[in-house]
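Q: I have a structure open here and would like to go through it with you. Shall we begin with the packing and then turn to the loops and the cysteines?

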Amino acid sequence: LRVCHEANRLDELERVTRDPKMLYEPAAVLALLCAEGGAAERDPRPLINVCDRYALFDELARTLYAQRQLTHLRIYVQRINPSSAP
């Protein structure tokens with residue numbers, strides 16, 4: 001994941017975080033994605049994948065809200081996983 005991030009391969013980063021066979025530490029991946037200038041600012045799909053897979057809705061909402069990506073938050077709540085919304 002770190003290599004994908006450093007190489008700016010957001011498509012590959014999204015694929016790896018979406019793949020259920022891939023194992024990774026969610027806290028470390030969130031730190032990587034949410035770092036200053038991280039991938040979550042450019043493409044929130046990897047962040048959404050990680051938070052959805054590990055039931056980290058609060059972290060997802062906090063991050064997307066802080067980055068003013070309310071459209072992505074709305075899509076997640078309405079279409080991707082409506083049952084996770086408070």
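Q: What covers the buried residues of helix 5?
A: This is a predicted model. In it, the cover over the buried residues of helix 5 includes helix 2, helix 3, helix 4, helix 6 and helix 7.

Q: And which residues of helix 5 are buried?
A: Pro 46, Leu 47, Ile 48, Asn 49, Val 50 and Cys 51 are buried in that helix.

Q: Take Val 50, then. What does it touch, leaving out residues up to four places away in sequence?
A: With those left out, Val 50 is in contact with Thr 17, Tyr 24, Pro 26, Val 29, Leu 30 and Leu 33.

Q: Which members of the largest nonpolar core touch the most other members?
A: They are Leu 13, Leu 33, Leu 47, Val 50 and Leu 60, out of 19 residues in that core. At least two core residues come from each of helix 2 (10-18), helix 3 (26-34), helix 4 (39-42), helix 5 (45-53), helix 6 (57-66) and helix 7 (70-80).

Q: On to the backbone. What is notable about phi at Ala 55?
A: Although Ala 55 is not a glycine, its phi is positive, at about 55 degrees. The residue sits in the loop between helix 5 and helix 6.

Q: Is Ala 55 buried or exposed?
A: Ala 55 is exposed, since its relative accessible area is 68%, and the cut-off for exposed is over 50%.

Q: Where is Arg 68, and what is its phi?
A: Arg 68 belongs to the loop between helix 6 and helix 7. Its phi is positive, near 60 degrees, in a residue other than glycine. Arg 68 is also exposed, with a relative accessible area of 74%.

Q: What about Asp 58: where does it lie?
A: Asp 58 is part of helix 6 and is exposed, at a relative accessible area of 54%. Its C-alpha atom is separated by 9.3 Å from that of Pro 86, which is 28 residues apart from it along the chain.

Q: Changing topic: how many disulfides are there?
A: The count is zero, with a disulfide taken as two cysteine sulfur atoms within 2.5 Å. For Cys 4, the nearest cysteine sulfur is that of Cys 34, 17 Å away.

Q: Why is Cys 34 not bonded to Cys 51?
A: The closest cysteine sulfur to that of Cys 34 is in Cys 51, but because they are 7.0 Å apart, they are too far for a bond.

Q: How accessible are Cys 4 and Cys 34?
A: Cys 4 counts as buried, at 13% relative accessibility, whereas Cys 34 is partly exposed, at 28%.

How values were computed: Residues are numbered from 1 along each chain as its sequence is written. This is a predicted model: local features need pLDDT of at least 70, side-chain atom pairs count only at pLDDT 80 or more; totals for chains, interfaces and linings use all residues. Side-chain values use heavy atoms; hydrogens and water are left out. A nonpolar core is a set of buried Ala, Val, Leu, Ile, Met, Phe, Trp, Tyr and Cys residues joined through side-chain atoms within 4.5 Å. Buried means under 20% relative accessible area, exposed over 50%, partly exposed in between (1.4 Å probe, protein chains only). Helices (H or I, at least four residues) and strands (E, at least two) are DSSP runs, numbered from the N terminus. Contact means heavy atoms within 4.5 Å.
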